[in-house]
Amino acid sequence: MLTFTICTGNEDDRRLGLETLEGIRRVRAELPGVGLILGLSNISFCLNPAARHVLNSVYLHHASEAGLTAAILHSGRIEPLHRIDPKARAVAEDLIFDRRREGYDPLQEYLRLFEGVDVAKKKARREVPEDVFARLKWRIVEGEKPGLTDDLQLAMASKKPLEIINVDLLAGMAVVGDLFGRGEMQLPFVLQSAETMKAAVAFLEPHMERVEGESRGKIVLATVRGDVHDIGKNLVDIILTNNGYSVFNLGIKQPIQHILDVSREHRPDAIGMSGLLVKSTVIMRENLEEMNRRGVTTPVILGGAALTRAYVEEDCRRIYQGALYYAKDAFEGLSTMARIMEGEATPAAREKKKEAAAVEAPKLAKVVALAGAVADAVPGRAGRPAPGSSRSWSKKSEIPRDIEYPEAPFLGPVVVWEGDLDGALVGGGRAG
Ligand code: B12
């Protein structure tokens, strides 16, 4: 697809960008599965480079929202939305959507806004935080690599490398995730941030403390099939390796077949699977089912932002015949590995744990029954299950609505006497 400039001032050209957006929307709606590639930069033809960068970026955002699947563009000349001045963005949007009104022509306003603006000077004017730790976070968000290692060197003078990763660099990644989620940052910029993060971690890694000596245990680590996210997994690798574990890091998009082939060869103490896409949580579950089918019982640790503890420790644990753990971060991965190495995941230890739980269960049931009885005795609460009882409601629709709630006692301030406090105190003193 090609679009045309909306910046000539010709009446006929004003709505061309808008029509292109509508075209994208209709093709996507009427021809499902058809991809669309757009030559983007025409949209801003006639303007100066600074104005073009902004208009192209804003237009790309709206074209993506409309369903565009690919664009031909110069990535160095596109800005993520969060970096664009809000006023410039607003006028660019008025221009794209042809929001002219009496006394306001967005094209004239846009030209005025960018009159004499030079791209190089504009870039140089970007505010760079003075504090080195704030600057490191900023570097991750901006994907700004030049000067990164100097800053890391400087930061290491007062902070340990691991703390720099966990506090400052990961804070930057959190901002990136947030901006990406809100559609304020396009994928190429996320990639730049990810590359900057990787470069920072690679620089810091040799400076981290390392436990020397014999291997404390082995783990095969992989990002699951269909998923390319590996920053977290690689951090897990670094933390475990530096703490004396042997890590077989298989990389991204790993089918279960390969994970199991390598496991058969190296006989690891655990298999670690990582995945950040919601789809990956399903793949992990399928992987566990496949492991069952093959009679594999190696302890498994699952990690990645799309997972929840409940999903792993309740749903997936019910499926997998070996020991299964959730790790919310690399450090929980480390402590889980330690527990596995202490023998917690052996069938005998797990059987013992189950027996202990079975002994505790009747005691717990008694407490729950008692709590239920007490709860039922409370007026208006009859029939509602006690917290933790197996009768607890699972669906919203099951919550009974026909309850008579007891009236709550008044707990606010109450005036019991109005008078002159000084007089009362003096009087009281005399009386005493
Ligand atoms: C960077 C990034 C990318 C980069 C990845 C680069 C790379 N080499 O990793 C790129 C640009 C390539 C990318 C691509 C995509 N991404 Co992306 N990406 C992110 C982003 C912004 C940050 C992820 C990250 O690195 N976090 C920092 C690390 C350190 O955290 P972590 O991975 O969670 O790991 C920690 C723990 O979870 C844990 N852990 C993780 N794994 C394991 C494993 C074990 C064994 C253990 C013990 C612990 C453990 O320990 C780690 C460290 O403490 C997230 C947003 C987010 N909030 O997560 C989106 C995000 C994950 N991406 C998302 C999407 C949609 C995509 C794309 C589909 C976009 C697209 N339209 O193409 C593609 C996916 C392609 C694919 N097939 O996988 C969505 C996923 C949404 C969903 N519901 O599925 C997210 C959540 C963004 C969003 N808000 O929408 N992405």
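This passage describes the confidence of a predicted model, the surroundings of its ligand and the packing of three of its helices.

The structure is a predicted model, in which local features need pLDDT of at least 70 and side-chain atom pairs count only at pLDDT 80 or more, while totals for chains, interfaces and linings use all residues. Residues are numbered from 1 along each chain as its sequence is written. The protein chain has a mean pLDDT (the predictor's confidence in each residue, from 0 to 100) of 85, and 82% of its residues reach 70 or more. Two stretches in which pLDDT stays under 50 may be set beside these values: residues 374–401, for which the model has 24 contacts beyond four places in sequence, and residues 427–432, for which it has 0 such contacts. Two residues are taken to be in contact if their C-beta atoms, placed from the backbone, lie within 7 Å.

The ligand is surrounded by 34 residues, of which G177, G232, G272, G303 and G333 are the closest; a residue is near a molecule if its C-beta atom, placed from the backbone, lies within 6 Å of it. Two or more residues of this shell are given by each of α8 (161–181), α9 (187–204), α10 (231–242), β5 (270–274), β6 (300–303) and α14 (330–341), where helices (H or I, at least four residues) and strands (E, at least two) are DSSP runs, numbered from the N terminus. Helix α8 provides the largest share, 6 residues. By class, the shell holds 20 nonpolar, 10 polar and 4 charged residues; Ala, Val, Leu, Ile, Met, Phe, Trp, Tyr, Cys and Pro count as nonpolar, Asp, Glu, Lys and Arg as charged, and the others, Gly among them, as polar.

Helix α9 also packs against other helices. With α7 (residues 148–156) it forms an angle of about 45°, the axes lying 10 Å apart; axes are lines fitted to C-alpha atoms, for helices over the stretch in contact, and angles run from 0 to 180 degrees between N-to-C directions. Helices α7 and α9 are therefore oblique to each other, since angles under 35 degrees count as roughly parallel, over 145 as roughly antiparallel, 65 to 115 as roughly perpendicular and the rest as oblique. In this pair, L148, T149 and L152 of α7 meet T196, A199, A200, F203 and L204 of α9, a set that divides into 6 nonpolar, 2 polar and no charged residues.

The axes of α9 and α10 come within 11 Å and cross at roughly 10°, and these two helices are therefore roughly parallel to each other. Their contact joins A194, M197, K198 and V201 of α9 to I231, N234, L235 and I238 of α10.
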